[in-house]
Amino acid sequence: YGYHIMFFSGEGDYIQWQYGSWKASSYKVWNSATKEYSYDITFTVSYYTTADQETEMNTAVTNLINSLGVKNKSDYEKVCAVYDWICENVTYDYANLEDTSYTRKHTAYAALIDKTAVCQGYALLFYRLMLELGVDNRLIAGLAASGEAHGWNIVELDNLYYNVDSTWDAGYPPYYWDYFL
């Protein structure tokens with residue numbers, strides 16, 4: 001467990017939404033020589049991606065950011081460029097939507113490498129790219145108007161937070177940004 005921290009900044013939302021389950025177990029051990037108990041605690045985490053995939057992801061993130069040419073741009077320009085790229089290059093993963101055993105659809109890896117994901121993957125990719133570019137944002141989990149679970153982001157621009165939902169704007173040119181800021 002914990003290999004993700006070695007490969008990227010370790011920010012909370014990325015870690016929080018990159019695992020499927022966890023469990024903990026413990027047991028008490030008596031040491032007759034010291035007449036003391038010790039406790040062994042084991043945490044087992046089931047991540048959606050492997051360490052190798054996260055290494056591949058790091059390279060792909062760096063390459064994408066370099067290709068966007070936004071490192072020295074304003075935060076607004078960074079948000080626009082990343083949002084545009086995601087909306088134009090990632091498609092919704094309808095093929096695996098009902099397949100509960102296929103968990104990669106929930107990852108930034110699926111969005112960036114496979115170019116297909118569900119809303120969690122879209123939001124995680126936006127989150128990751130914004131953090132790499134120094135723009136504060138969060139992943140929001142909530143309900144769509146239809147009552148279905150949905151994920152999107154809020155992003156900070158000029159000390160204010162705005163909603164952005166690249167999943168719902170995906171596939172549309174920028175002038176159809178119904179869910180941008």
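## Questions on a predicted model

Student: What covers the buried residues of α4?

Tutor: The cover includes the helices α3 (51-68), α5 (108-114), α6 (119-132) and α7 (166-169), and also the strands β6 (149-157) and β7 (160-164). Note that this is a predicted model.

Student: Which residues of α4 are the buried ones?

Tutor: They are Lys-78, Val-79, Cys-80, Ala-81, Val-82, Tyr-83, Trp-85, Ile-86 and Cys-87. Each of them has under 20% relative accessible area, the cut-off for the word.

Student: How do you know that the length of helix α4 agrees with 1.5 Å a residue?

Tutor: Helix α4 covers residues 75-89, which is 15 residues, and at 1.5 Å a residue the expected span is 21 Å. The end C-alpha atoms of α4 are 21 Å apart, so the two values agree.

Student: What does the corresponding check give for α6?

Tutor: The 14 residues of α6 should span 20 Å. The end C-alpha atoms of α6 are 20 Å apart, and therefore this helix agrees as well.

Student: Why is α6 called largely enclosed by the rest of the structure?

Tutor: The description rests on a count: 12 of the 14 residues of α6 are buried, so the helix is largely enclosed. The buried residues of α6 are Cys-119, Gln-120, Gly-121, Tyr-122, Ala-123, Leu-124, Leu-125, Phe-126, Tyr-127, Arg-128, Leu-129 and Met-130. Just after α6, Gly-134 has a positive phi of about 80 degrees.

Student: Why does Thr-167 count as buried?

Tutor: The relative accessibility of Thr-167 is 11%. The cut-off for buried is under 20%, so Thr-167 meets it. The residue belongs to helix α7.

Student: With which residues is Thr-167 in contact, leaving aside its neighbours within four places in sequence?

Tutor: The partners are Tyr-92, Cys-119, Tyr-122, His-150 and Gly-151. Each of these has heavy atoms within 4.5 Å of Thr-167, as the term contact requires.

Student: Which residues are the closest to the centre of the largest pocket?

Tutor: The largest pocket has a volume of about 570 Å³. Of the 21 residues that line this pocket, Tyr-92, Val-118, Cys-119, Ala-149 and His-150 are the closest to its centre. The elements that give two or more residues to the lining are α6, β5, β6 and α7.

Student: What makes β5, β6 and β7 an open sheet, and which are its edge strands?

Tutor: The 3 strands lie in the order β5-β6-β7 with antiparallel pairing. Strands β5 (137-143) and β7 are the edge strands, as each pairs on one side only. From one strand to the next, the twist averages 35 degrees.

Student: How many bridges are there between β6 and β7?

Tutor: There are 5 bridges, in the antiparallel sense. At least two are needed for a pair, so β6 and β7 qualify. One position to look at is Val-155, whose bridge partner in β7 is Tyr-162.

Student: Where is Asp-158 found, and why is Asp-158 called exposed?

Tutor: Asp-158 sits in the loop between β6 and β7. The relative accessible area of Asp-158 is 75%. The cut-off for exposed is over 50%, so Asp-158 is exposed. Asp-158 also has a positive phi of about 55 degrees although it is not a glycine.

Student: What makes a positive phi worth a remark in a residue other than glycine?

Tutor: Most residues other than glycine have a negative phi. Lys-35 is another residue to inspect on this point, with phi near 55 degrees.

Student: Why does Lys-35 count as exposed?

Tutor: At 61% relative accessibility, Lys-35 is past the cut-off of over 50%, so it counts as exposed. Lys-35 is in the loop between β1 and β2.

Student: How many residues lie between β1 and β2 in the hairpin?

Tutor: The hairpin has 4 residues between its strands. Strands β1 (residues 19-31) and β2 (residues 36-47) run antiparallel and are joined by 12 bridges. Tyr-19 stands opposite Tyr-47 in β2.

Student: How many helices and strands does the chain come to?

Tutor: The chain has 7 helices and 7 strands. Buried residues make up 39% of its 181 residues. The C-alpha atoms fill a box of roughly 75 × 40 × 30 Å along the principal axes.

Conventions:
Residues are numbered from 1 along each chain as its sequence is written. This is a predicted model: local features need pLDDT of at least 70, side-chain atom pairs count only at pLDDT 80 or more; totals for chains, interfaces and linings use all residues. Side-chain values use heavy atoms; hydrogens and water are left out. The expected span of a helix is 1.5 Å times one less than its number of residues. Buried means under 20% relative accessible area, exposed over 50%, partly exposed in between (1.4 Å probe, protein chains only). Axes are lines fitted to C-alpha atoms, for helices over the stretch in contact, and angles run from 0 to 180 degrees between N-to-C directions. On a 1 Å grid over the protein atoms alone, a cavity is a set of points where a 1.4 Å probe fits but cannot get out, and a pocket is an open set with protein on both sides within 12 Å along at least five of seven lines; lining residues have an atom within 4 Å of a point. Grid points are joined across faces, edges and corners, and a volume is the space filled by probe spheres set on the points.
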